[in-house]
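This report describes a single protein chain for a reader at the bench. It begins with one charged residue on a strand and works outward from there to the sheet, the cores and the chain as a whole.

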Amino acid sequence: MDILQVEAPLVCTRRVAGLQQISLRILRDNKGKQHVAVHPVGLPEGNWVFTQSGTAARKAAGNYEIQTDLTNGGIIDYWEVEDNQPTAKSEATAQTM
């Protein structure tokens, strides 16, 4: 699993049948690299998610027929990093605090 930030929705009008109609999102890692993940949970840009890859990604998508190797597994509300590094909060959590 990795922690990535949601950058933007990805709209594809034509796609392989194995992706069905599941939502896609562009995610960015801490080095700036972009990733595309299927997105079974709803959330806006800026939120942090944990992702699942490989076979676990297909299970997390809720349907083994979906051809993916990266799925957003859930929204991260808060985490605390050791060694006095900054903590991260999702946009949705920050707005309610």
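In this predicted model, R28 is partly exposed, with a relative accessible area of 30%. The residue is found in strand β2, and its contacts, leaving out residues up to four places away in sequence, are L4, Q5, E7, K33 and Q34. The C-alpha atom of R28 is separated by 9.5 Å from that of A8, a residue 20 positions away along the chain.

**The salt bridge**

One of those contacts, E7, meets R28 side chain to side chain in a salt bridge, with a distance of 2.3 Å from N to O. Because E7 lies in strand β1 (residues 2-10) and R28 in strand β2 (residues 24-28), the pair ties together parts that are 21 residues apart in sequence. Like its partner, E7 counts as partly exposed, at a relative accessible area of 25%. The structure holds one salt bridge, and in general side chains of opposite charge can pair when their charged atoms come close.

**A buried arginine in β2**

What is the nearest side chain of opposite charge to R25, and how far away is it? It is E45, at 7.3 Å, and R25 is buried yet has no salt bridge. Since a salt bridge requires a side-chain nitrogen within 4 Å of a carboxyl oxygen, the separation of 7.3 Å between R25 and E45 is therefore outside that limit. R25 has its place in β2, a strand that is mostly covered, with four of its five residues buried. Setting aside neighbours within four places in sequence, R25 is in contact with V6, A8, P9, L10, H35, V36, A37, H39, L43 and N72.

**Strand pairing**

The pairings around these residues can be set out together.

| Strands | Sense | Bridges | A bridge partner pair |
|---|---|---|---|
| β1 and β2 | antiparallel | five | A8 and I26 |
| β2 and β3 | antiparallel | five | R25 and A37 |
| β1 and β4 | antiparallel | four | Q5 and W48 |
| β4 and β5 | antiparallel | six | S53 and L70 |

Strand β2 thus pairs with β1 and also with β3 (residues 34-38). R28 has its own bridge partner in β3, namely Q34, a residue that also appears among the contacts of R28. The hairpin of β2 and β3 has five residues between the strands, and within this hairpin G32 takes a positive phi near 90 degrees. Strand β1, for its part, pairs with β4 (residues 48-53), and β4 pairs in turn with β5.

**Nonpolar cores**

Which residues make up the largest nonpolar core? There are seven in all: L4, V6, L27, A37, L43, V49 and L70. Several of them have already appeared above, for L4 is among the residues that R28 touches, while V6, A37 and L43 are among the contacts of R25. L70, the residue opposite S53, touches H35, V36, A37, V38, T51, Q52, S53 and A57, not counting residues up to four places away in sequence. Apart from this core lies another, of six residues, among them I22, L24, V38 and I66. In soluble globular proteins, nonpolar side chains tend to be buried together.

**A loop residue and the chain as a whole**

Away from the strands, N63 is found in the loop between α1 (55-60) and β5 (70-76). N63 is partly exposed, with a relative accessible area of 25%, and, leaving out residues up to four places away in sequence, this asparagine touches Q20 and R58.

The chain has two helices and seven strands, which follow one another along the sequence in the pattern β-β-β-β-α-β-β-β-α. Buried residues make up 31% of its 97 residues. Of the contacts between residues at least 6 apart in sequence, 46% join residues at least 24 apart. The accessible surface of the chain comes to about 6400 Å², and carbon and sulfur atoms account for 48% of that surface.

Terms used: Residues are numbered from 1 along each chain as its sequence is written. This is a predicted model: local features need pLDDT of at least 70, side-chain atom pairs count only at pLDDT 80 or more; totals for chains, interfaces and linings use all residues. Side-chain values use heavy atoms; hydrogens and water are left out. Buried means under 20% relative accessible area, exposed over 50%, partly exposed in between (1.4 Å probe, protein chains only). Contact means heavy atoms within 4.5 Å. Accessible areas come from the Shrake-Rupley method with a 1.4 Å probe; for residues, only the protein chains shown count as cover. Lys and Arg count as positive and Asp and Glu as negative; His and the chain ends are not counted. A nonpolar core is a set of buried Ala, Val, Leu, Ile, Met, Phe, Trp, Tyr and Cys residues joined through side-chain atoms within 4.5 Å. Two strands pair if DSSP finds at least two bridges between them.
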